[in-house]
Amino acid sequence: MQYRAFISHSHSDAKFAAWLQRAIETWRLPSRLRAELGYSRVRPIFRDRTDLRAATNLGDALEESLRNSLVLIVVCSNDAANSEWVDQEIARYQQFNPDGPILASIASGEPPHCFPKSLLVDPTGNAVEPLAADARKGFDGKRDALLKTIAGIIDVDFDVL
């Protein structure tokens with residue numbers, strides 16, 4: 001895989017997505033995990049503005065990046081819930097990586113209204129609500145939401161970090 005994770009977001013959440021990418025890639029794993037995992041930072045993380053090269057077809061370039069990502073991170077907000085692009089990226093990721101983890105990170109809005117439609121049903125069509133890292137003030141906050149997201153990417157319990 002080329003990317004540890006792919007960040008899907010609506011353009012109105014670009015500032016939060018940029019913060020999340022930078023925070024994940026610069027966060028240093030605790031020494032006990034570095035020795036166990038064999039790396040000290042969780043990177044690279046794909047985000048369209050920093051990783052998408054010029055290409056003939058935007059869709060093909062995004063699909064290649066989705067196909068080559070271990071985890072999908074969805075930045076959730078009311079705008080993301082209404083974004084056809086975000087929904088398509090979720091569907092494509094599920095198609096390419098049927099067992100791949102999808103992590104929700106709430107930037108704004110109220111659950112379940114801030115979740116894209118594709119996050120609200122499982123592959124068999126049953127209704128679900130994701131257990132999201134909630135970066136809003138008064139909930140997890142940015143720091144704990146970041147750590148919960150990193151824990152999901154590297155598949156460890158939150159308290160390990």
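This briefing walks through the sheet, the nonpolar cores, the aromatic rings and one arginine of the structure above. Please keep in mind that the model is predicted. At its centre of interest is an open sheet of 5 strands, ordered 2-1-3-4-5 and paired in parallel. The largest nonpolar core counts 28 residues, and a second, separate core has 18. Three of the aromatic residues, Tyr3, Phe6 and Phe46, come together as one cluster.

**The sheet**

- Reading across the sheet, the strands follow the order 2-1-3-4-5, and the edges are taken by strand 2 and strand 5 (133-134), each of which pairs on one side only.
- Strands in a sheet pair through backbone hydrogen bonds, in either a parallel or an antiparallel way; here the pairing is parallel.
- Strand 1 and strand 2 are joined by 2 bridges in the parallel sense, and Ala5 has Ile45 of strand 2 as its bridge partner.
- On the strand 3 side, strand 1 runs parallel to its neighbour, with 5 bridges joining the two.
- Two positions help you find this pairing on screen: Tyr3 has Ser69 in strand 3 as its bridge partner, and Ile7 stands opposite Ile73 in strand 3.
- Strand 3 also pairs in the parallel sense with strand 4 (residues 102-106), over 5 bridges; Leu72 stands opposite Ile102 of strand 4.
- Strand 3 has 7 of its 8 residues buried, so it is largely enclosed by the rest of the structure.
- Strand 1 is likewise largely enclosed by the rest of the structure, because 5 of its 6 residues are buried.

**The nonpolar cores**

- As general background, nonpolar side chains tend to be buried together in soluble globular proteins.
- Within the 28-residue core, the residues with the most contacts are Leu20, Ile24, Val42, Ile73, Ile153 and Ile154.
- Two or more residues of this core come from each of strand 1 (3-8), helix 1 (14-26), strand 3 (69-76) and helix 7 (141-154).
- Helix 7 gives the largest share, with 7 residues.
- Ile24 is a good place to start looking: beyond its sequence neighbours up to four places away, it touches Val42, Ile45, Ile73, Leu146, Thr149, Ile150 and Ile153.
- The second core, of 18 residues, is separate from the one above and includes Leu66, Leu72, Ile90 and Ala104.

**Aromatic rings**

- The model holds 3 aromatic pairs.
- One of them is Tyr3 with Phe46, an edge-to-face pair with 5.2 Å between the centres and 70° between the planes.
- This pair links distant parts of the chain, since Tyr3 belongs to strand 1 and Phe46 to strand 2 (residues 45-46), 43 residues apart.
- Phe6 and Phe46 make a stacked pair, 4.5 Å from centre to centre and with 15° between the planes.
- Because Phe6 lies in strand 1 and Phe46 in strand 2, their pair ties together parts that are 40 residues apart in sequence.
- The cluster therefore consists of Tyr3, Phe6 and Phe46, and its members are buried because their relative accessibilities, 8% for Tyr3, 1% for Phe6 and 0% for Phe46, fall under the 20% limit.

**Arginines over rings**

- Arg4 lies over the face of Tyr39, at 3.7 Å from the centre of the ring.
- Arg67 lies over the face of Phe96, with 4.0 Å to the ring centre.

**A look at Arg34**

- Arg34 sits in helix 2 (residues 31-37).
- With 27% relative accessibility, Arg34 counts as partly exposed, because that class lies between the 20% and 50% limits.
- Leaving aside residues up to four places away in sequence, Arg34 touches Arg28, Leu29, Tyr39 and Ser40.
- The side chain of Arg34 also reaches the backbone oxygen of Leu29, at 2.7 Å.
- Tyr39 thus appears twice in this briefing, as a contact of Arg34 and as the ring beneath Arg4.

Notes
Residues numbered from 1 in each chain as written. Predicted model: local features only at pLDDT ≥ 70, side-chain atom pairs only at ≥ 80, totals over all residues. Heavy atoms only, no water. Core = buried A, V, L, I, M, F, W, Y, C linked by side-chain atoms within 4.5 Å. Buried < 20%, exposed > 50% of the residue type's maximum accessible area, 1.4 Å probe, protein only. Helix = DSSP H or I, 4+ residues; strand = E, 2+ residues; numbered from the N terminus. Contact = heavy atoms within 4.5 Å. Polar contact = N/O pair within 3.5 Å; in protein donor to acceptor, adjacent residues only side chain to side chain. Pairing = 2+ DSSP bridges. Phe/Tyr/Trp six-rings, centres within 6.5 Å; stacked < 30°, edge-to-face > 60°. Lys NZ or Arg CZ within 6 Å of the ring centre and 35° of its normal.
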